[in-house]
Amino acid sequence: MGRPDAALETGPGRSRAPFRRLRDRWRARHLDDEAWEELEETLLAADVGLATTAELVDTVRAAAARAGIRDADDLAPLLESAIVERLDEGKDRALATVPGQASVWLLVGVNGTGKTTTAAKLAHDARARGERVLLVAADTFRAAAAEQLAAWGATVDVEVLRGAEGCDPASVVFDAVQAAGARGVDLVVVDTAGRLHTKRNLMEELKKVRRIIDRFPGALTEVLLVLDATTGQNGLAQARDFTEAVGVTGVVLAKLDGTAKGGVVLAVESELGVPVKLIGVGERADDLVAFDPAAFADALVG
């Protein structure tokens, strides 16, 4: 994957702009109530969320008081530090695999979030590391989904397994994991459906897919929820459903380069209780990077 610091320098540019305007207003200015209000407004505009914004402002206030800070412009390093501290908190952001057998990464989320593109990016990265990868088109309800994954597979030179249109997605996944073991595949990346007739049907289908993978002991190492960063907190209600249904282990925040709501990273971790492991910062195969709290805070506030 690309370097987080380099990618983030250009990735969340729209999210960075409000913070830079804030720092411009703070320059050579005494720290007063208006400065604190502007900080709060900027965090809310970045979609950090009401509760998390209040906690961050309280943290920065306390740090400023301890340091005896009187100039508003000196708050920026304290804000960066507060963001990093909140995002770190002992979270494991590594993508888990099991050496010596096929590891399965299950991608879930509603349609349009970037699941298929993310699956291809993950496959591209693993192949670049010398691993043998299999992409699985488990969205059998939309022919376009399987065709899109097949096109990506050709682009990144990774085999794609797909079933007949309308067939049972769980059976496709079962065949794929079984085949992976026989072929010496290192990683199986499963792209799932994001929309069925009702939300309940979708969740039951995903639960079934998970149960099928669990028949292969130790194979399922990641359940990655792909969220569209441009929707901000509007996508969190749906995200909770996926988290509860299939045991999400990490979040991929796609399209972070196209939003002014980069603060949603903080809201996601606060609301869902799972770490953001990867961020998407473009449409190319290598525009998926490991999430690094320090690089993110520096890019956002710096």
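# Notebook: helix pairs and a few chosen residues

I began with the handedness of one helix pair, and the crossing of α4 and α5 is right-handed. The model I am reading is a predicted one.

**Entry 1: α4 with α5**

I looked up where the two helices lie: α4 covers residues 50-67 and α5 covers residues 75-88. Two packed helices are described by the angle between their axes and the distance between the axes, so I noted both values. The axes come within 9 Å and cross at roughly 125 degrees. How are α4 and α5 placed relative to each other? They are oblique.

Next I asked which residues make the contact. From α4 I wrote down Thr-52, Glu-55, Leu-56, Thr-59, Val-60, Ala-63 and Ala-64. From α5 come Leu-75, Leu-78, Leu-79, Ala-82, Ile-83 and Arg-86. I sorted the residues of this contact into nine nonpolar, two polar and two charged.

An α-helix has 3.6 residues a turn, so residues three or four places apart point the same way. With that in mind I reread my list, where Leu-75, Leu-78, Leu-79, Ala-82, Ile-83 and Arg-86 stand for α5.

**Entry 2: α3 with α4**

I then turned to the other pair with α4 in it. Helix α3 spans residues 33-45, and its axis comes within 10 Å of the α4 axis. The two axes cross at roughly 145 degrees, and this crossing is right-handed.

On the α3 side I found Trp-36, Leu-39, Glu-40, Leu-43 and Leu-44. They meet Leu-50, Thr-53, Leu-56, Val-57, Val-60, Arg-61 and Ala-64 in α4. How many of the contact residues are nonpolar, polar and charged? I noted nine nonpolar, one polar and two charged.

Leu-56, Val-60 and Ala-64 of α4 caught my eye: they are among the residues that meet α3, and they are also among those in the contact with α5.

**Entry 3: Arg-93 and helix α11**

I picked Arg-93 next, which sits in the loop between α5 and β1. Is Arg-93 buried or exposed? Its relative accessible area is 14%, and because the cut-off for buried is under 20%, Arg-93 counts as buried.

What does the side chain of Arg-93 reach? It comes to the backbone oxygen of Leu-87 at 2.5 Å. The side chain of Arg-93 also makes a polar contact with the side chain of Glu-269, at 2.5 Å. Beyond four places in sequence, the residues Arg-93 touches include Pro-275, Val-276, Lys-277, Phe-291 and Pro-293.

Glu-269 led me to α11, where it is one of the buried residues. This helix, residues 264-272, is mostly covered, with seven of its nine residues buried. The others I listed as buried are Val-264, Val-265, Leu-266, Ala-267, Val-268 and Leu-272. Just after α11, I saw that Gly-273 takes a positive phi of about 70 degrees.

**Entry 4: three more residues**

Thr-117 is in helix α6 and is buried, with a relative accessible area of 13%. Leaving out residues up to four places away in sequence, Thr-117 touches Gln-148, Trp-152 and Glu-283.

Ala-294 is in helix α12, and at 41% relative accessible area it is partly exposed. Ala-294 and Glu-80 are 214 residues apart along the chain, yet their C-alpha atoms are separated by 7.9 Å.

Last, I found Asp-214 in the loop between α9 and β5. Asp-214 counts as partly exposed at 42% relative accessibility. Its C-alpha atom is 10.0 Å from that of Val-104, with the two positions 110 residues apart along the chain.

Technical notes
Residues numbered from 1 in each chain as written. Predicted model: local features only at pLDDT ≥ 70, side-chain atom pairs only at ≥ 80, totals over all residues. Heavy atoms only, no water. Axes fitted to C-alpha atoms, helices over the stretch in contact; angles between N-to-C directions. Helix = DSSP H or I, 4+ residues; strand = E, 2+ residues; numbered from the N terminus. Parallel < 35°, antiparallel > 145°, perpendicular 65-115°, else oblique. Left-handed = near helix turned anticlockwise from the far one by under 90°. Contact = heavy atoms within 4.5 Å. Nonpolar A, V, L, I, M, F, W, Y, C, P; charged D, E, K, R; others polar. Buried < 20%, exposed > 50% of the residue type's maximum accessible area, 1.4 Å probe, protein only. Polar contact = N/O pair within 3.5 Å; in protein donor to acceptor, adjacent residues only side chain to side chain.
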